[in-house]
Amino acid sequence: MSLPFAVSEPVAAALAEGLPVVALESTIISHGLPRPRNHEAALEFERMLLETGVTPATIAVLDGVPRIGLDADGVRRIAEDDLAKASVRDLPILAARGASGATTVAATAHLAALAGIRVFATGGLGGVHRGASDTFDESADLGTLARTPVTVVSAGVKSVLDIAATLERLETLSVPVVGYRTTTFPSFWLSESAYSLDWSVEDAGQVAAIMRSQDALGHGQGIVVANPIPREQQWDPAEHDRVLELAFAAAAEAGVSGKAVTPFLLGFIVDASGGRSLEVNLDLARNNVRLAGEIAIAFSALAR
Ligand code: PSU
Ligand code: MN
């Protein structure tokens, strides 16, 4: 019987030697960024890690095989093919059918953990949607982090979500949330939200130390590292508020619901912002990839 998933040769070699590896998500490429910038971004995130001695592991399901680490054609496919958005529950179905999918934060974290990867960089985390008290629409990202030992570096969650409810759910699920050099939770395109955090860390080494303590004390949950985009790079807050209002109105008008909501809003916002939100999105993602690389290096040094 063949293995249920495939770890690329460079990723397998790095893991076997205890060298730093960072997982990268494919839904942000397939559904979160427009073509052709998405392909450039996927390659750039990998290159940034390689330049600092970290092995990138971009994760997706291709032709029924969950792949941890993609070759050049795999990276091209997540950017150019029309892939389904795959969360954890979709993985066995795609595998059984030989189908392909771009993995969400939840599915990427799940597969990373299966392969023994401990650090993961993304743009924004999924969370509790506005109106969730009626719709029950809460991303599987949260429940997955409650049982998956992966440290996820993100710029918080978008203000299209219910940020307060998302933070409450992370507390209920016992997922540690630490701000990177801040005690204010960021809101993706903006460096800040209205919500504060109990804990902040000053460097990657402190995150690695928390991971190590959690391994000794915890129940195998993930850690959320909230890494704000530097203030000088954030989106203009007034413009952000204006465009978001338009996006919600458009989503209501189009009647989108469920898993289509996030991609719809993201696409609308890129268009309505004249591309400005896209530049901010790329900057914050690079910022997260950089920090995740530093955390992976610090953690692998601790574990040696
Ligand atoms: N947030 C972003 N960009 C994204 C996503 C979230 O800023 O591309 C994607 C991630 O893959 C995340 C998913 O895991 O959306 C959450 O979708 P849902 O709310 O349907 O669980
Ligand atoms: Mn949902």
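In this predicted model, a good place to start is the set of residues that UniProt, in an unreviewed entry, marks as "binding site": Lys85, Val105, Ser139, Ala140 and Asp141. These positions are spread over 57 residues of sequence, yet they cluster in space, with a largest C-alpha distance of 13.1 Å. Two of them show what the surroundings look like. Val105 sits in helix α6 and counts as buried, because 27 C-beta neighbours lie inside 10 Å and 20 are enough for that label. Setting aside residues up to four places away in sequence, Val105 touches Glu25, Thr122, Leu125, Gly126, Asp141 and Val152. Ala140, by contrast, belongs to helix α8. It has 18 other C-beta atoms within 10 Å, so Ala140 is partly exposed. Its contacts, again not counting residues up to four places away in sequence, are Ser87, Val88 and Ala106.

The same unreviewed UniProt entry type also supplies an "active site" annotation, which covers Glu25 and Lys158. Glu25 is found in the loop between β2 (21-24) and α2 (27-32). Being in a loop doesn't put Glu25 out in the open here: it is buried, because 30 other C-beta atoms lie within 10 Å. Beyond the residues up to four places away in sequence, Glu25 touches Ile59, Thr103, Val105, Thr108 and Thr122. Val105, then, links the two annotations: it is on the "binding site" list and it touches Glu25. Lys158 is in a loop too, the one between β8 (151-154) and α9 (163-172). With 26 other C-beta atoms within 10 Å, Lys158 is therefore buried as well. Leaving aside neighbours within four places in sequence, Lys158 is in contact with Gly124, Ser187 and Phe188.

Next comes ligand 1. It is surrounded by 19 residues, and the closest are Gly32, Thr104, Gly124, Gly126 and Ser139. Several elements give two or more residues to this shell, namely α2, α6 (105-115), α8 (140-145) and α12 (261-272). Helix α2 gives the most, with four residues. Sorted by class, the shell has six nonpolar, nine polar and four charged residues. Some names turn up again here: Ser139, one of the closest residues to the ligand, is also in the "binding site" annotation, and Gly124, another of the closest, is in contact with Lys158.

Now for the protein as a whole. It has 13 helices and eleven strands. Its radius of gyration is 18 Å, close to the 19 Å that the globule rule gives for 304 residues, so the protein is as compact as a globular protein of that length. Along its principal axes, the C-alpha trace spans about 50 × 45 × 35 Å. Buried residues make up 52% of the 304 residues. Of the contacts between residues at least 6 apart in sequence, 75% join residues at least 24 apart.

Strand β8 gives a good look at the interior. Both of its faces are covered: Thr151 and Val153 on one side, and Val152 and Ser154 on the other, are all buried. Strand β7 (residues 119-121) pairs with β8 in the parallel sense over three bridges, and Val119 stands opposite Thr151. Strand β11 (residues 223-226) also runs parallel to β8, joined to it by four bridges. There, Val224 is the bridge partner of Val152, a residue that Val105 touches. Elsewhere, helix α4 (residues 72-80) has Val75, Arg77, Ile78 and Ala79 as its buried residues. They pack against α2, α3 (37-51), β3 (55-62) and β6 (101-103).

A few backbone details are worth a look too. Arg35 and Pro36 are joined by a cis peptide bond, with omega about 0 degrees, and Pro36 is in the loop between α2 and α3. Phe136 has a phi near 65 degrees, a positive value in a residue other than glycine. This residue is found in the loop between α7 (132-135) and α8, and Phe136 is exposed because it has 9 other C-beta atoms within 10 Å. Ser174 also has a positive phi, near 60 degrees. Ser174 lies in the loop between α9 and β9 (177-180) and has 11 other C-beta atoms within 10 Å, so it is exposed.

Conventions:
Residues are numbered from 1 along each chain as its sequence is written. Chains are lettered from A and ligands numbered from 1 in the order in which they are written. This is a predicted model: local features need pLDDT of at least 70, side-chain atom pairs count only at pLDDT 80 or more; totals for chains, interfaces and linings use all residues. UniProt positions are given in the numbering used here, feature names are shortened, and annotations may be inferred rather than shown by experiment. A residue is buried if 20 or more other C-beta atoms lie within 10 Å of its own, exposed if 12 or fewer, and partly exposed in between; C-beta atoms are placed from the backbone. Two residues are in contact if their C-beta atoms, placed from the backbone, lie within 7 Å. A residue is near a molecule or strand if its C-beta atom, placed from the backbone, lies within 6 Å of it. Ala, Val, Leu, Ile, Met, Phe, Trp, Tyr, Cys and Pro count as nonpolar, Asp, Glu, Lys and Arg as charged, and the others, Gly among them, as polar. The radius of gyration is taken over C-alpha atoms; the globule rule is 2.2 Å times the number of residues to the power 0.38. Two strands pair if DSSP finds at least two bridges between them.
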